[in-house]
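Welcome! Here is a friendly walk through one model, with helix packing, cores and backbone details taken in turn.

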Amino acid sequence: MAVSLVHGGPAPNFVSPVLYQCLVSDAKHVHSSLGDVVDPETQDMLQEIENASSLENLQELIQKHSTVLSIAGCFRPLKSLNDKRELLEDFINWYIVGRTVPSLVRLKEGLKTLGVLQAMEIHKHIFEEAFVWMEQEITTDTINGMFNIKFSPSGSNYRIQEEHIIGYWRDYLQDCEELTCQAKIKDILCFVTGANTVPPLGFNPQPSIEFLHVCSGQVQLSMFPEANTCGNVLRLPLSMSYEEFKTNMDFGILNSPGFGRA
């Protein structure tokens with residue numbers, strides 16, 4: 001993981017905010033809450049205890065869940081209804097942090113490779129975006145700013161066609177974002193790069209756009225887009241109208257789930 005990050009690989013984005021704090025600071029000082037528990041059955045158990053309205057009801061629930069509370073080292077007699085708060089806090093800290101300590105230790109050892117863990121401890125907020133799970137929003141601006149457009153020389157006949165097609169391309173991105181196309185923005189990213197997220201260090205090589213002009217020996221233009229995922233290259237077809245461009249882009253992208261071309 002550390003080597004992948006340093007060499008421009010995708011962000012892990014797999015830990016919760018609480019576990020990330022355990023990675024970059026002393027786990028003993030990290031506190032978690034009921035909201036950090038995502039397992040439905042465990043949530044229900046804790047919610048039952050939280051909602052206990054009397055000491056008798058609380059004691060019944062403690063007996064009911066005695067097995068899992070014993071495993072956590074939290075099974076004990078309670079003398080008042082207020083004792084449930086300390087019980088819940090102890091259990092949640094064990095569930096989120098305590099039982100994961102061996103795995104966290106091994107993960108931290110691995111992250112020491114190439115000094116990644118040390119950098120994380122110094123730049124906690126910067127690395128948080130790479131490690132904590134979050135839905136990455138990929139917009140039209142993201143895609144537009146990502147590509148280097150390889151135009152033909154200014155003033156050439158090819159250049160006139162290409163500028164026309166780039167107008168279609170930008171309209172197509174906007175339609176994808178507004179969900180008026182069959183393909184989505186992430187489909188385009190995956191079609192060109194093979195990845196459905198943007199790596200923290202960006203793509204290398206930088207994604208580029210080329211155009212499918214008729215070459216020597218060709219009978220006709222390609223109707224559909226082509227991609228070279230190793231080089232992050234997208235080749236756009238020279239359509240006669242926007243509707244034709246949009247239809248062919250949708251078909252090409254959605255019918256090429258693997259490497260190669262439509």
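## A buried asparagine in α13

Asn248 sits in helix α13. This is a predicted model, and every value below should be read in that light. Is Asn248 buried or exposed? Its relative accessible area is 7%, and the cut-off for buried is under 20%, so Asn248 counts as buried.

What does Asn248 touch beyond its neighbours within four places in sequence? Its contacts are Met223, Phe224, Pro225 and Ser239.

Ser239 deserves a visit of its own. This serine belongs to the loop between β4 (residues 233-236) and α13, and with a relative accessibility of 6% it is buried. Leaving out residues up to four places away in sequence, Ser239 touches Ile165, Tyr168, Glu244, Phe245 and Asn248. For a sense of scale, the C-alpha atoms of Ser239 and Pro17 are 47 Å apart in space, with their positions 222 residues apart in sequence.

## How α11 meets α13

Helix α11 covers residues 157-177 and helix α13 covers residues 242-254; the two pack with their axes 10 Å apart, at an angle of about 60 degrees. Why is the pair called oblique? The angle of about 60 degrees is not under 35, not over 145 and not in the range from 65 to 115, so α11 is oblique to α13. The crossing of these two helices is right-handed.

Which residues make the contact? From α11 come Ile165, Tyr168, Trp169, Asp171, Tyr172 and Asp175, and from α13 come Tyr242, Phe245, Lys246, Met249, Asp250 and Ile253. Sorted by class, the contact holds 8 nonpolar residues, 4 charged ones and no polar ones.

One of the charged participants is worth a closer look. Asp175, placed in helix α11, has a relative accessible area of 16% and is therefore buried. Setting aside its neighbours within four places in sequence, Asp175 is in contact with Thr180, Cys181, Tyr242 and Lys246. Of these, Tyr242 and Lys246 are also part of the α13 side of the helix contact.

## Two nonpolar cores

In soluble globular proteins, nonpolar side chains tend to be buried together. Here the largest nonpolar core has 38 residues, and Phe91, Ile96, Leu111, Met120 and Phe131 are the ones that touch the most other members. Which elements give two or more residues to this core? They are α1 (2-6), α2 (17-24), α3 (40-50), α4 (55-64), α6 (83-96), α7 (101-111), α8 (116-122) and α9 (124-131).

Phe131 shows what such a position looks like in detail. Not counting residues up to four places away in sequence, Phe131 touches Met1, Leu5, Pro12, Asn13, Phe14, Val15, Tyr20, Leu111 and Met120. Apart from the largest core lies another, of 29 residues, including Ile165, Cys181, Ile188 and Val192.

## Leu61 and Val38

Leu61 is a residue of helix α4, and its relative accessibility of 9% makes it buried. Beyond residues up to four places away in sequence, Leu61 touches Glu48, Ile49 and Ala52. The C-alpha atoms of Leu61 and Glu48 are separated by 7.5 Å, and the two residues are 13 apart along the chain.

Val38 is found in the loop between α2 and α3. Is Val38 buried or exposed? With a relative accessible area of 70%, Val38 is exposed. From Val38 to Leu88 the C-alpha distance is 15 Å, across 50 residues of sequence.

## Backbone points to check

A few backbone values may interest anyone preparing this model for calculation. The peptide bond joining Asn204 and Pro205 is cis, with omega of about 5 degrees. Pro205 is placed in the loop between α12 (185-193) and β2 (208-211).

Two residues other than glycine have a positive phi. Asn13, in the loop between α1 and α2, has phi of about 45 degrees; at 21% relative accessibility, Asn13 is partly exposed. Leu179, in the loop between α11 and α12, has phi near 65 degrees; its relative accessibility of 62% makes Leu179 exposed.

Key. Residues numbered from 1 in each chain as written. Predicted model: local features only at pLDDT ≥ 70, side-chain atom pairs only at ≥ 80, totals over all residues. Heavy atoms only, no water. Axes fitted to C-alpha atoms, helices over the stretch in contact; angles between N-to-C directions. Helix = DSSP H or I, 4+ residues; strand = E, 2+ residues; numbered from the N terminus. Left-handed = near helix turned anticlockwise from the far one by under 90°. Contact = heavy atoms within 4.5 Å. Nonpolar A, V, L, I, M, F, W, Y, C, P; charged D, E, K, R; others polar. Buried < 20%, exposed > 50% of the residue type's maximum accessible area, 1.4 Å probe, protein only. Core = buried A, V, L, I, M, F, W, Y, C linked by side-chain atoms within 4.5 Å.
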